[in-house]
Amino acid sequence: MPDSSPAAEPAVADLLDALPQAAAVVGDGPRVLGANRRFRALLRLPDGLDPTGRDGGELLLAHVAALLARPEERARFLAAARSHGPVTRTADYHLEDGRILRRRRSPAGAGAHLLLIEDVTRAYEARDELDLRVRRLAELTDERTAFAGRALHELRTPLATVLSFTELLLDPASGPLGPEQTAYLEAILRNARRMTSIAENLPRAAGEDPADPRHAAPRRDRVLVPELVRRVALEALQRTGGTGPYLSVDVPAGGPPLAADGWLLTGALEELVANALRFTPAGGRVEIGARAGDGHWTVQVRDTGIGVPLEYQDEVFTPYVRAPNARRGGHPGTGLGLASALEAVRLHGGTLTVRDRRDGPGAVFTVRLPLTGPDGTGGRVAEGGSGP
């Protein structure tokens with residue numbers, strides 16, 4: 001039998017004071033058998049209110065009920081306080097002063113119950129803030145998807161017109177062209193096709209289901225990687241007008257062809273080179289290299305720019321995400337370039353990663369592409385094609 005003598009009371013009080021929560025032991029009546037200092041402080045009991053004294057339980061109930069903000073909670077609190085079921089019960093109460101207290105009650109034996117009370121106001125605030133952020137993210141996703149749909153709709157017709165007229169001009173039936181004119185028109189055609197590819201992938205970048213049948217699989221052409229790399233580097237130099245970082249190319253004279261969509265890979269490599277040039281100072285270097293081996297082509301874009309912080313080396317490939325040093329430095333961008341490059345590489349069964357340079361500041365982006373394409377079979381390669 002439990003010892004109910006006065007000598008046992010200090011032991012109960014000491015035990016309750018050792019608990020990290022506000023705690024009290026209550027019996028029928030209601031009678032408060034003991035309460036710790038945290039219990040008194042959390043409920044802000046007046047100095048003259050002794051919950052363990054005569055009529056202390058009823059006085060305590062009246063005091064707590066007066067703290068509650070809602071009449072329905074007062075009724076619920078009083079009903080629960082006078083009902084001692086056999087199971088643990090938990091309830092949250094909103095107070096007039098803005099606090100939210102959580103009460104847990106569990107059997108303590110001999111008809112008594114242990115009450116544990118904690119302030120969960122911050123937990124509620126954190127949950128509300130999280131809910132707000134989730135709703136805002138959902139709204140942003142909807143906005144981005146709507147924008148992507150509008151952009152695709154607005155771009156499709158003018159791009160189709162540019163492609164059609166450029167192809168007509170390049171047709172020998174339209175008349176002879178000089179080598180320089182042909183090169184210009186081929187550049188227009190190549191970039192218009194790249195813009196079409198980017199526009200068609202905007203919904204994917206905005207968060208739509210990549211399995212959506214509207215997203216076409218990449219074409220399978222015979223792509224000569226050294227030619228692709230040299231062409232991307234030459235056009236990058238032409239766009240910069242010879243100013244900016246020093247750009248170098250290191251590729252073999254030949255190598256096995258790649259079964260791939262040349263337009264998509266051109267766009268991906270252009271994004272990586274443009275990214276390196278954008279974040280590298282005028283006196284720096286951007287180096288493009290490519291090597292074939294082990295059934296893959298590996299293409300690297302190395303720079304001596306601001307680099308990518310370690311904690312962002314995965315996130316920078318997420319649409320609309322930019323590393324803090326890029327945002328602080330005033331460098332323009334939308335956070336879509338690297339995401340679209342990664343998507344193009346993934347569609348070919350390849351990988352795209354970034355790491356820091358080991359010989360100084362800067363970043364190294366590495367593309368690894370299987371020679372046979374994403375299905376590993378080599379697929380059907382268009383005859384006579386060599387990519388864009």
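# Notebook: two sheets and their helices

**Entry 1. Strands 9 and 10.** I started with a strand pair. Strand 9 and strand 10 are antiparallel partners, joined over 8 bridges. I picked out one position across the pair: Glu287 stands opposite Arg302 in strand 10. The model is a predicted one, so I looked up confidence next.

**Entry 2. Confidence.** The mean pLDDT of the chain is 82. A score of at least 70 is reached by 85% of the residues. Where is confidence highest, and where is it lowest? Strand 10, residues 296-303, is at the top with 96. Helix 7, residues 202-205, is at the bottom with a mean of 63. I then noted two stretches below 50. Residues 1-9 form one of them, with 2 contacts in the model beyond near neighbours in sequence. Residues 377-387 also have pLDDT below 50, and this stretch has 23 contacts beyond near neighbours in sequence. Predicted coordinates should not be read in detail where pLDDT is low. I leave both stretches there.

**Entry 3. Whole chain.** I took the inventory. The chain has 11 helices and 12 strands. Its length is 388 residues, and 40% of them are buried. I also checked contact range. Of the contacts between residues at least 6 apart in sequence, 55% join residues at least 24 apart.

**Entry 4. The mixed sheet.** Back to strands 9 and 10. They belong to an open sheet of 5 strands in the order 7-9-10-12-11. The pairing in this sheet is mixed. Which strands stand at the edges? They are strand 7 (246-250) and strand 11. Each has a single partner strand, so one side of each has no neighbour in the sheet. Between neighbouring strands of this sheet, the average turn is 15°, direction ignored.

**Entry 5. Helices on the mixed sheet.** I looked for what packs here. Helix 9 packs on the sheet and touches strand 9, strand 10, strand 11 and strand 12 (363-370). The direction of helix 9 makes about 20° with that of strand 10. Helix 11 lies across strand 11 and strand 12. Relative to strand 11, helix 11 runs at about 135°.

**Entry 6. Helix 9 against helix 11.** The two helices also pack on each other. Helix 9 covers residues 262-278, and its axis is 9 Å from that of helix 11. The angle between them is about 145°. Their crossing is left-handed. I listed the residues that meet. Helix 9 brings Leu264, Ala268, Glu271, Leu272 and Asn275. Among those they meet in helix 11 are Gly337, Ser340, Ala344 and Leu347.

**Entry 7. His348.** Ala344 turns up again. The side chain of His348 reaches the backbone oxygen of Ala344 at 2.7 Å. His348 lies in the loop between helix 11 (337-347) and strand 11 (351-356). Is His348 buried or exposed? With a relative accessibility of 2%, His348 counts as buried.

**Entry 8. The antiparallel sheet.** I moved to the other sheet. Here 5 strands form an open sheet in the order 2-1-5-4-3. Pairing in this sheet is antiparallel. Strand 2 (31-35) and strand 3 (89-94) stand at the edges. Each of these has a single partner strand, so one side of each lacks a neighbour in the sheet. On average, neighbouring strands of this sheet are turned by 25° against each other, direction ignored.

**Entry 9. Strands 3 and 4, and helix 5.** How many bridges join strand 3 to strand 4? I find 6, linking strand 3 to strand 4 (residues 100-109) in antiparallel fashion. His94 has Ile100 in strand 4 as its bridge partner. Helix 5, residues 121-170, lies across strand 3, strand 4 and strand 5 (112-119). Helix 5 runs at about 125° to strand 4.

**Entry 10. Positive phi.** Last, I checked backbone angles. Asp55 has a phi near 60°, a positive value in a residue other than glycine. Asp55 sits in the loop between helix 2 (37-42) and helix 3 (56-67). Its relative accessible area is 54%, so Asp55 is exposed. Asp294 also has a positive phi near 60°. Asp294 is in the loop between strand 9 (285-293) and strand 10. At 67% relative accessibility, Asp294 is exposed. That loop brings me back to the pair I opened with.

Technical notes:
Residues numbered from 1 in each chain as written. Predicted model: local features only at pLDDT ≥ 70, side-chain atom pairs only at ≥ 80, totals over all residues. Heavy atoms only, no water. pLDDT = per-residue confidence, 0-100. Helix = DSSP H or I, 4+ residues; strand = E, 2+ residues; numbered from the N terminus. Contact = heavy atoms within 4.5 Å. Buried < 20%, exposed > 50% of the residue type's maximum accessible area, 1.4 Å probe, protein only. Polar contact = N/O pair within 3.5 Å; in protein donor to acceptor, adjacent residues only side chain to side chain. Pairing = 2+ DSSP bridges. Axes fitted to C-alpha atoms, helices over the stretch in contact; angles between N-to-C directions. Left-handed = near helix turned anticlockwise from the far one by under 90°.
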